[in-house]
Amino acid sequence: MKALFDPDSKKMDVTVAPVRALLGATYPDPDAAAAAVVSAFRLGDEGPFDGWELWKVDDTSMRTLRESVSKSFE
């Protein structure tokens, strides 16, 4: 799974997904995107989901989205 995060709107756009229903989808925030992924894979967990912690930055740091966003505003 890969998604692009827009720091201005907080929206997540799914760009790579093994489940067709998720590919190209836009979610209002990281929490909603995380809930959609868990639901699509039928993992049985109904949340709540902290997408800011579940989504990781796709670089060598693998920081959480929360860590990445907070560092960009320091």
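1. Buried means under 20% relative accessible area, exposed means over 50%, and partly exposed is in between (1.4 Å probe, protein chains only). By that scale Glu53 is partly exposed, with a relative accessible area of 33%. Buried residues make up 28% of the 74 residues in the chain.

2. The basis of this note is a predicted model, in which local features need pLDDT of at least 70 and side-chain atom pairs count only at pLDDT 80 or more, while totals for chains, interfaces and linings use all residues. Residues are numbered from 1 along each chain as its sequence is written, and side-chain values use heavy atoms, with hydrogens and water left out.

3. On confidence: pLDDT is the predictor's confidence in each residue, from 0 to 100. The chain has a mean pLDDT of 86, and 92% of its residues reach 70 or more. Confidence is highest in strand β3 (residues 26–27), at 96, and lowest in helix α3 (residues 65–72), at a mean of 82.

4. On the overall fold: the chain holds 3 helices and 3 strands, where helices (H or I, at least four residues) and strands (E, at least two) are DSSP runs, numbered from the N terminus. Their order along the sequence is β-β-β-α-α-α. The radius of gyration is 12 Å, close to the 11 Å that the globule rule gives for 74 residues, so the chain is as compact as a globular protein of that length. That radius is taken over C-alpha atoms, and the globule rule is 2.2 Å times the number of residues to the power 0.38. The C-alpha trace spans about 35 × 25 × 25 Å along its principal axes.

5. On the hairpin: strand β1 (residues 2–5) and strand β2 (residues 12–16) run antiparallel and are joined by 4 bridges; two strands pair if DSSP finds at least two bridges between them. Lys2 has Val16 in β2 as its bridge partner. The two strands form a hairpin with 6 residues between them, and Lys10 in the turn has a positive phi of about 70°.

6. On aromatic contacts: the whole structure contains 1 aromatic pair. The ring centres of Phe5 and Trp52 are 5.4 Å apart and their planes lie at 80°, so the pair is edge-to-face. The cut-offs here are centres within 6.5 Å for rings of Phe, Tyr and Trp (its six-membered ring), with planes under 30 degrees apart counted as stacked, over 60 as edge-to-face and the rest as tilted. Phe5 sits in strand β1 and Trp52 in helix α2 (residues 51–54), so that distant parts of the chain, 47 residues apart, are linked. Phe5 counts as partly exposed at 21% relative accessibility, whereas Trp52 counts as buried at 19%.

7. On the Lys2 salt bridge: the count for the model is 3 salt bridges, each being a side-chain nitrogen of Lys or Arg within 4 Å of a carboxyl oxygen of Asp or Glu. One of them joins the side chains of Lys2 and Asp58, at 2.9 Å from N to O. Lys2 lies in strand β1 and Asp58 in the loop between α2 and α3, so this pair ties together parts that are 56 residues apart in sequence. Lys2 is partly exposed, with a relative accessible area of 40%, and Asp58 is exposed, at 58%.

8. On Arg66: this residue forms a salt bridge with Asp50, with the closest N and O atoms 3.2 Å apart. Arg66 lies in helix α3 and Asp50 in the loop between α1 (30–40) and α2, so the pair ties together parts 16 residues apart in sequence. Arg66 also forms a salt bridge with Glu53, where the closest N and O atoms are 2.6 Å apart. Glu53 is in helix α2, so this pair ties together parts 13 residues apart in sequence. Through shared partners, the salt bridges join Asp50, Glu53 and Arg66 into one network. Arg66 is partly exposed, with a relative accessible area of 36%, and Asp50 is partly exposed at 31%.

9. On Thr64: this residue lies in the loop between α2 and α3 and counts as buried, at 6% relative accessibility. Leaving aside neighbours within four places in sequence, Thr64 is in contact with Trp52, Glu53, Trp55, Lys56 and Val57, contact meaning heavy atoms within 4.5 Å. Across the chain, residues 24 or more positions apart account for 14% of the contacts with a separation of 6 or more.
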